[in-house]
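Take a look at the structure below. This report walks through a few of its parts, one at a time.

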Amino acid sequence: MLESTAQAHSSLHCTGGSPWTSSTTVLELVIRSVRWRARRRAAWLAQLGKSEGFADRTPVKSDLEACLDDRDTPEREAVWYEKSEGLGPVNKAIAEVERELAGDAGAPLAQLGDLFGLSQTEMDLLKVCLATELDSGLSRAFGYLQGHPSRSFATGPLAARLFGRGLHSLWNPSGSLGIWKFVISGQASPGEQVPLSVDPLVIDWLLGESRIDPALMGLVSLVQPKAPPTGWPLEAAAGQIRRAIQAGSAVRVVVSGPPASGRKTFAASVSAGFGMQTLAIDDSQISDAEWPELYLRAQRMAILGGTSLAWHGKNLHRRRPAAVGPVPVQFVACEPEQEVASCDQALNHRIDLPSLTIEERRKLWKENIPESAAWPDQDLERLASRYRLNAGDIASVGRYVPASAAEAGSLAREITRQRLEGLGRLLDCPFDWEDLVVPGRLRQGLEDFTFEARDRATFWELPNARRLFPRGRGLVAIFGGPPGTGKTMAAQVIAADLELDLFCIDLAGVVSKYIGETAKNLSRIFARAARMNAVLLFDEADALFGKRTEVKDSHDRYANADTSYLLQLLEEYQGMVILASNKKQNIDPAFIRRVRCVFEFPRPDAPSRKRIWGQVIGELIGDQDRLRLAEAIDEMGSNLELSGAQIKNAVLASIFAARRRGQALAVEHLLRGIDRELSKEGRTLGPRELERLKLLS
């Protein structure tokens, strides 16, 4: 059935277009059919009145007496139709109309019945409702046929008598007409028959005008297929759909991927192979109260229009109404960890959209920014390899029409920057490698780390590399060492060199005293960061990656579970993570063994301290004053064991001390700044150091 459904609907689209070309429309035939049957029914009622002296009675009184006398029975009516010579032309006309409805002219109505499983009695009722809607003259006739002018509407019992179906009502709210809301019941007073009407959407469709259901306006959008990336599993999805159709079943394909990864475009591309358009529906805008009704209308519209559906949004976990059969082909566009309600009425398949390769990203950059053809090849290559963007992200950057690769890279970071949603703090990265004063061996290790970060996108596309390392393709480093030794600055230098954002994760928002909440927060961070172009910096990482302890209570057990879960997240994460800790010895050794890059930041030695003093003073007050204070800088660097951060803070405090007095920076001001920094640790300058420095002033 589904294969014939797809073929029958292949020319129907919600953008219009009529497949019906007969000179006599199906609706004209429906009206003629019901009119002739109403005429025949009226003749029968008139005959009943005449048999009792109809001239002396009103039609209503005559009809009432006939009913009470049990003369208006379906059996007597059928015999009279057959034997009455005067009804020959009427019966002939009815038979002729039915033959036409059974032929090509009635194909739309027959197809509607096939698509939605309408019984013959439901088809008869639908004809009566359609005719009433389209022919105002029938309303008056129905009033007479039902014994009162106010009953000028279609009812189930009336349809039964017109089509020779006996005394029972043809209206069944739990039948297909009622479930799909093709026929709608109104309010009726006690003892009165329920008035019935037809949904105008049915009339439009029978006229070949397939439209968007008004109730779904603003929720539905047409998705245009685009040239797909070569890595998309289009054929796999098409094969699953083809097999389901051959089995006579509906099929639902769950397309999993991050936002802007092209999930709806994937659905449209697959559907296009079957000659179908795709309608996307955002269920985030549908309330729980509206859900059953709008879900039904969406399924109905897609079946009528011969389209597939692609559901997306935040409420994909809501259950589908069981009474409503699903459209033959539909998709669900979800995020990897998003809950999706089951669908027992269809064959379910899941497809995880693969990340774009460098070549695919390069192609998308060229397609979305034609001006990039004039950019240097190395700039375009840097965009493609450095920024792990999805197809939708690249299209968004292209809409800004960037003038250069540098501007495109800046936009690439900007459009993904908000995805962490307050779970991290964006750090400025104003430093370069010349600002970072660390031992040569450490510097070389950090440069190697940065090179790997830059080159790894290309490396991990090698099949053998991916085979040997199915997990752990992310880049994780531990920066250990005392406070103020340059760990955060190193992260800023690396991020700036890579032209990536640096986000410091707020541990206060991650670590929770409530069992299981820490793991949830970590999962959210890594899931969102996977869609960004950023380096994650976990400061004071020992709070998260601490040594697992002996289990004494449930909190110990869950704390250990959080550490294990974090290890798993890091192994699966494909981005960059820097874990900074002042207490590396407190980090779980099993965790350290799994991290390939571990860097120890020592306190600066004398040459390093001299360089830091000179750089900070020279940059803040100028090289001339730096030269003037060269002897003091040499003395302080040689004899005062301060960290880089302490030196910077001491210089800053001394500059403001000098400015307060309106003086040039001098040794006495530097001593005040140094004393302030040492006092934080409960230290002071020794008499010998103090005396030597004072002599230099």
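## A serine and its neighbours

Beyond its neighbours within four places in sequence, S176 is in contact with F116, G117, L118 and E122. Keep in mind that this is a predicted model. S176 lies in helix α10, which covers residues 176-179. Is S176 buried or exposed? Its relative accessibility is 18%, so S176 counts as buried; the cut-off for buried is under 20%.

The side chain of S176 also has a polar partner. One of its polar atoms lies 3.3 Å from the backbone oxygen of F116.

## F116 and the nonpolar cores

Now turn to F116. Leaving aside neighbours within four places in sequence, F116 is in contact with S176, W180, F182, R300, I303 and L304. F116 also belongs to the largest nonpolar core, which has 73 residues. The residues with the most contacts inside that core are F116, L126, L130 and L162.

There is a second, separate core. It has 47 residues, including L411, L442, A495 and C504. In soluble globular proteins, nonpolar side chains tend to be buried together.

## Helix α7

Helix α7 runs over residues 120-134. How far apart should its ends be? At 1.5 Å a residue, its 15 residues should span 21 Å. The end C-alpha atoms are 21 Å apart, so the model agrees.

How many of the 15 residues of α7 are buried? The count is 11, so α7 is largely enclosed by the rest of the structure. The buried residues are E122, M123, D124, L125, L126, K127, V128, C129, L130, A131 and T132. Two residues in that list, L126 and L130, also appeared among those with the most contacts inside the largest core.

## Strand β4

Strand β4 covers residues 250-256. Seven of its seven residues are buried, so β4 is largely enclosed by the rest of the structure. In a regular strand the side chains alternate between the two faces of the sheet. What covers the two sides of β4 can be read residue by residue: A250, R252, V254 and S256 are buried on one side, and V251, V253 and V255 are buried on the other.

Which strands pair with β4? One is β8 (residues 346-352), in the parallel sense over seven bridges. Here V255 has I351 as its bridge partner. Another is β7 (residues 329-334), also in the parallel sense, over six bridges. In β7, F331 stands opposite V253.

## A buried arginine

R413 is found in helix α18, residues 405-416. Its relative accessible area is 17%, so R413 is buried. The side chain of R413 makes a polar contact with the side chain of Y387, at 3.1 Å. Y387 is also in the contact list of R413, which leaves aside neighbours within four places in sequence. The other residues there are E499, L500, D501 and N533.

## How confident is the prediction?

The chain averages a pLDDT of 86, and 89% of the residues score at least 70. Among the elements, strand β6 (residues 308-312) has the highest mean pLDDT, 97. Helix α1 (residues 2-9) has the lowest, 37.

Over residues 53-57 the pLDDT is below 50, and this stretch has six contacts beyond near neighbours in sequence. Over residues 548-558 pLDDT stays under 50 too, and the model has 16 contacts for them beyond four places in sequence. Where pLDDT is low, the predicted coordinates should not be read in detail.

Conventions: Residues are numbered from 1 along each chain as its sequence is written. This is a predicted model: local features need pLDDT of at least 70, side-chain atom pairs count only at pLDDT 80 or more; totals for chains, interfaces and linings use all residues. Side-chain values use heavy atoms; hydrogens and water are left out. Buried means under 20% relative accessible area, exposed over 50%, partly exposed in between (1.4 Å probe, protein chains only). Helices (H or I, at least four residues) and strands (E, at least two) are DSSP runs, numbered from the N terminus. Two strands pair if DSSP finds at least two bridges between them. A polar contact is a pair of N or O atoms within 3.5 Å; within protein, one must be able to donate a hydrogen and the other to accept it, and residues adjacent in sequence count only if both atoms are side-chain atoms. Contact means heavy atoms within 4.5 Å. pLDDT is the predictor's confidence in each residue, from 0 to 100. The expected span of a helix is 1.5 Å times one less than its number of residues. A nonpolar core is a set of buried Ala, Val, Leu, Ile, Met, Phe, Trp, Tyr and Cys residues joined through side-chain atoms within 4.5 Å.
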